[in-house]
Amino acid sequence: MSDDEATDDGGHDQPPRETFHHDPIGHAEARAGMTVGELAEEYGEAGIGASDMHEAVDVYAEMLGDDVTVMMGLAGAMVPSGMRRIVADLIRDGHVDALVTTGANLTHDAIEAIGGKHHHGAVHDEAKTEREHDEQLRDEGVDRIYNVYLPQEHFALFESHLREEVFPPLAEEGTVGIQRLTEELGRANAAVNEREGIDEGAGIAAAAYEADVPIYCPAIQDSVLGLQAWMYNQTSDFALDALSDMDTITDQAFDADRTGALVVGGGVPKNYVLQTMLVAPGAYDLAVQLTMDPPQTGGLSGATLEEARSWGKLEKAARNVSVYADATITLPLLVAAARERIAD
């Protein structure tokens, strides 16, 4: 009997196991002193999410090659949760060619750049119900993002920053694209950060400005940044053209030889990154998605990358993997392990 055949208890031959490969699950080792890259390699011995993470590192390391144009989608509360420096460093090191993010992330990024801080908090005070806890925070002027706190006075600081440093130069230009606004935001963040000697780094928008990497924010109205832009529009010549950004991001896709998508979270940033390939001659060759959204509801945030292949957003032969876990856990691991891989 061949290795591809099996015999049941009655001695009858069974057909070959076409989907079976003799690749047994190993048992990952976790030891003192191992590097993040070594831990990611150990994940390859295991199954379920660990094997997905191992494969994601492999795909992302290939994405960091010099011949790949990388589009990154960044949704969720990634800046207030502490992922800001990771993204800024990726931009500075040439590992992001275009960033698509939310107005909320840009708002929180600017707040840190000009001297504000987010703080460790609690989901709720154990001595109170969650509602009572949040009512107390409301009275104290503190906004809560799960277990992260932000004093509301930082938004007043942010408003002054926009009105004094960001919006006036744009008002002189009249109607501008959203990407032009994010560029000016990055310039102003960097300038104030240096001028005021802020301990925290200038952040994501500043890094993108300095590295000439475009930041796209297609749903900017859905944020404090968008609200402030709308308010400034009421009394000035400043206005935003939401469609003009499509020219530059589409040109990037057209000019790229190979493309990769790193999608952190879902929502508008995810789709904006992926839909770019609908008007390009090719599609993504590499893609990694970090998400907690399930696909069963049919929504875009939970849609698998395999589903994106059916739309022509990924090449049929694309290498892609999705990791279903909290991105504040998976993004640092993914980046550190991939960086270690390409540094060897």
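Contact here means heavy atoms within 4.5 Å. The model is predicted. On that footing, V79, P80 and R84 in helix α3 meet N105, H108, D109, E112 and A113 in helix α4. Helix α3 covers residues 79-92, and helix α4 covers residues 103-113. Their axes lie 10 Å apart, at an angle of about 75°. Angles of 65 to 115 degrees count as roughly perpendicular, and α3 and α4 are therefore roughly perpendicular to each other.

A second helix pair involves α1 and α2. Helix α1 spans residues 36-43 and packs against α2 at an angle of about 125°, with the axes 7 Å apart. This angle makes α1 oblique to α2. The crossing of the two helices is left-handed. On the α1 side, the residues involved are A40, E41 and Y43. They meet A50, S51, M53, H54 and V57 in α2.

Two residues other than glycine stand out by their backbone. Most residues other than glycine have a negative phi. I48 has a positive phi of about 55° and is not a glycine. I48 belongs to helix α2, which comprises residues 48-63. Its relative accessibility is 78%, so I48 counts as exposed. Y146 also departs from the usual sign: its phi is positive, at about 55°, and Y146 is not a glycine. Y146 sits in the loop between β4 (142-145) and β5 (148-151). With a relative accessible area of 57%, Y146 is exposed.

The interior was examined next. The largest nonpolar core has 64 residues. Those with the most contacts inside this core are Y60, M63, I91, I204, V264, V288 and L334. L334 illustrates the packing. Not counting residues up to four places away in sequence, L334 touches M53, A56, V57, Y60, L262, V288 and L290. Y60 and V288 are thus both partners of L334 and listed among the residues with the most contacts in the core. Apart from the largest core lies another, of 20 residues. Its members include A261, L274, A280 and A318.

The loop between α11 (267-275) and β10 (284-291) holds T276. Is T276 buried or exposed? Its relative accessibility is 5%, so T276 counts as buried; the cut-off for buried is under 20%. The side chain of T276 reaches the backbone oxygen of Y272 at 2.8 Å. Beyond neighbours within four places in sequence, T276 is in contact with I249, T250 and A253.

A283 lies in this loop between α11 and β10 as well. A283 has a relative accessible area of 7% and is therefore buried. Leaving aside neighbours within four places in sequence, A283 is in contact with T259, M277, G312, K313, L314 and E315. One of these partners, M277, directly follows T276 in the numbering. A283 and E307 are 24 residues apart along the chain, and their C-alpha atoms are separated by 13 Å.

Definitions and conventions: Residues are numbered from 1 along each chain as its sequence is written. This is a predicted model: local features need pLDDT of at least 70, side-chain atom pairs count only at pLDDT 80 or more; totals for chains, interfaces and linings use all residues. Side-chain values use heavy atoms; hydrogens and water are left out. Helices (H or I, at least four residues) and strands (E, at least two) are DSSP runs, numbered from the N terminus. Buried means under 20% relative accessible area, exposed over 50%, partly exposed in between (1.4 Å probe, protein chains only). A polar contact is a pair of N or O atoms within 3.5 Å; within protein, one must be able to donate a hydrogen and the other to accept it, and residues adjacent in sequence count only if both atoms are side-chain atoms. A nonpolar core is a set of buried Ala, Val, Leu, Ile, Met, Phe, Trp, Tyr and Cys residues joined through side-chain atoms within 4.5 Å. Axes are lines fitted to C-alpha atoms, for helices over the stretch in contact, and angles run from 0 to 180 degrees between N-to-C directions. Angles under 35 degrees count as roughly parallel, over 145 as roughly antiparallel, 65 to 115 as roughly perpendicular and the rest as oblique. A crossing is left-handed if the near helix is turned anticlockwise from the far one by less than a right angle, and right-handed if clockwise.
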